[in-house]
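User: I am new to this structure and would like a close look at one helix and its surroundings. Please take me through it carefully.

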Amino acid sequence: MFKKILVPIDLRHPDALEKAISATAAIAKPENIPVVFAAVSTAAPSALAHNPDELKSKMAEFAEAQGRQHGIDATGQAFFSHDPSVDLENALLKAIDETGADLVVMATHVPHLSDRFWPSNGGRIASHAGVSVFLVR
Amino acid sequence: MSDDTSNQGIPDPDGAANMIDTDYEIGQDNIETQVGPFNLDIHNPVFLVSGLTIVAFVFLTLAFQTEVGPVFDALRNWLTSNLDWFFILSGNVFVLVCLLLIVTPLGSVRIGGKDAEPDYTYFGWFAMLFAAGMGIGLMFFGVLEPVYHMAFSSPLGVPSPFDADGNLIEENVAAAKAMGMAATIYHWGLHPWAIYAVVALSLALFSYNKGLPLTMRSVFYPIFGEKTWGWPGHVIDILAVFATLFGLATSLGFGAQQANAGLEFVFGIPVSDTAQVILIIGITVVALVSVMRGLDGGVKVLSEINMMIAALLLLFVIIAGPTMTLVSDFFANLGAYAREVVPLSMPFGREDDGFRQGWTAFYWAWWISWSPFVGMFIARVSRGRTVREFVICVLIIPSIVSVLWMTAFGGTAIEQVLTDSGSQVREYVIASYSPELSLFGMLADLPFASITSFIAIILVIVFFVTSSDSGSLVIDTITAGGKVDAPVSQRVFWCTFEGLVAIALLLGGGLGALQAMAVSTGFPFTIVLLLACYAIFKGLKDEPR
C-alpha cells in the first residue's frame, strides 16, 4: 500500500516514541516497506550532539537498533532548520519530499487548550502534507 | 516523535573542525517543565536570576527614581570621563584584531567547519545584521551628529564655522565640515562594527566549530575551562541578558518618545503618555508576530523590508538633496575619515574632552553594552562564512554603508545649515536643541516632506521591531542555556516582558537611569571582549584551514 514510511523522532524523548514505532513496524513489516527515521535539528550545537558526525552516528545507531528490534528495513536521517522551534513543520514537509515517503507516522499529544492557539506539529503536518499521515496518541 | 518537542543535533555537512572535548551537555542545567499549556525549557539559574533581578531593578528604579537616577548617571559619567582612554584604546584593539584576521591565514577558517555552506544569501544576511546592529541609530543620529560635531564639538580642536552670534566664519567651514563628517563616521564606522565582529566571531567559532552552546559564556572556555559551566559563566550570561533587555527596553521607551515627537511634527498628534504606550504596544505586537514566525519567516523578512525602505529613503535624499555635492562628498568624507581616524583614536594629549568623553567614550560603552545582543544574533546567522569573508562583511561593508548614509543625511543637513540661516535643521540642532526632530527638520526642507517624514516614522518603528524581535531571540537563547530550539512560548515571554519594562519605565520614569546603567555594563564587557580577542586567536589556531 505504501512505498516508504517517514517517522519523525525526537531522541530526547524515546519513551514517547514507542507506540508510534510499534505502529510503524506493524505497517512496514508485512510488506517490507523501508522506514526512514527523521530528526530535525538546529544549526547550532544542542542537547543531543556537539557535531554532525555525532548526530549522524546516533541516528544510524537508533535506526539500526529499531530495525533489528522490529525486523524492519530502517535508516536514520537528519534535516536542518534555522529556527526549528517554529520551522519544524516546514522542515518535515521538506523531509517528506526529499525522502519520497508516502506515509508519515508521528507521535502526538492529546489535544488541549493551547492547541487552539498553537496547533500541534502533528496536526499541522496532517493539514499540509500531500501524503497520508498517521498520528499516534 | 513527541509533538511538543522538536529537534536535536547540529548541522550537516560540516567537514573538519576542531571540537572542544567537554563533558558538558547542552541543556544539562535546564529545567524542563510545563506551566499550564506552556512548555518551559529554561536554564537554572540564568533564567530565574536574570528575570527576577530585572523585575527588582525596575521596581527599585520606579520606587526610588530620584535617588537611583543620579547614581546611575554619575556611574556612567565617571566611567566615560575617567576611563575614556580605556574604551578608546580597546576600540582600537578590536579594529586591529579584525584587520589582522583579514590578512592572516586564520581568515581562511570557515565558521561551522571546513565544508559548511552559508545559511543565508548575502542580502538576507546583511539585512539582518545591519537592522539589528545600528539601523535605528542611523535614523536618529544621521542628521544630528554631523551638524552637531561641525558646529559645537570641535573634535581635535578644529574650530566651529560659527561665531558666538551664529554668523558663518567662511575660512573655518571646509575644515569643520570635513571634521564633522570624519568624527561622525568614526563613531559609526570600523570601530563599532569591529566590536560586534569580535563578539559575533568568537561566539560563532566556539559554538559552530567547537560544539559549545550558543551563549556568551562559551567564549570563555579557553580561559575558565570547565568552570565556564558554573557561576563564572552564569554571571557572564546574566550580565548579557541584563544589558540586552535594559538596552532594548530603554531604547524602546526613548524610541516611542522620538516617534511620538515625529508624529506631532508631521501630523500634529500631540506628545502624550497614551500615544507613546500605544506605540510601544504596537511595536511589541509586531515583534511578537515576527518572533512567532521565526528567524526566516519573521525576523529576516522584516529586516529585508526594512533595508529596502531605508534604501529608498537614502536614494530619495541623494536625489532630492544636493546630489553632485553628495557624490563628491562621499569620497571626500572617506578621505577625511581615513586621514582623521588615527588621531581621533588616540586618547592622550587632547583637549576635546566634551567630544572624546561625552561622545566617543559614551558611544564605545554603548556599542559594547549592545554587543552581546548584536554579536549573538550575527553569530547565529553567520554559519558557513569564512572568517575573512565574515570580517569583511561585518566590518568593511557596513562601515561603507554608514559613510554613504552619513554623507547623504548629514551632508544634506550641513548644506542646509550652511546655505540657509532659516533652515529647520539649524533650528533643531543649533538654535533650540531638539535632537529628535533633526531628521524631520532636514526632510522638511526637501520636496515631498509629508510623505518622506511619514516613511521616516515608519522606518523608525520598523527598526525598533527588528531590534526587538532579534533581541528577544537572543535573550531566549541565553536563558535557555544556549538552546536555539527552546519552546516558542519563552521568546513570546521575553518579547512581551521587554515591552512591559519599557512601558513601566516610560510611565514611572527611570528610562534615563536604566539606560545609563545598561551603558555602564559596557565597562565589564570591554574586559570580556578583550579576553574574547585572545580566545578567538587561540580557538582559530587549532582549526583546519
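Analyst: Chain B of this predicted model has a mean pLDDT (the predictor's confidence in each residue, from 0 to 100) of 88, with 96% of its residues at 70 or more. Over residues 1-13 of chain B, however, the pLDDT is below 50, although this stretch has 81 contacts (heavy atoms within 4.5 Å) beyond near neighbours in sequence. Where pLDDT is low, the predicted coordinates should not be read in detail.

Residues are numbered from 1 along each chain as its sequence is written, and chains are lettered from A in the order in which they are written. Local features need pLDDT of at least 70, and side-chain atom pairs count only at pLDDT 80 or more, while side-chain values use heavy atoms, without hydrogens and water.

The part to look at is helix α1 of chain B, residues 46-63; helices here are DSSP runs (H or I, at least four residues) and strands likewise (E, at least two), numbered from the N terminus. Its 18 residues should span 26 Å at 1.5 Å a residue (times one less than the number of residues), and the end C-alpha atoms are 25 Å apart, which agrees.

Within α1(B), the buried residues (under 20% relative accessible area, 1.4 Å probe, protein chains only) are V46(B), F47(B), S50(B), G51(B), I54(B), V58(B) and T61(B). Because they cover an arc of only 120° around the axis (taken from the directions from the helix axis to the C-beta atoms), they lie on the same side of α1(B). On the other side, L52(B) and F59(B) are exposed (over 50%). Among the elements covering the buried residues of α1(B) are β2(B), α2(B), α9(B) and α16(B).
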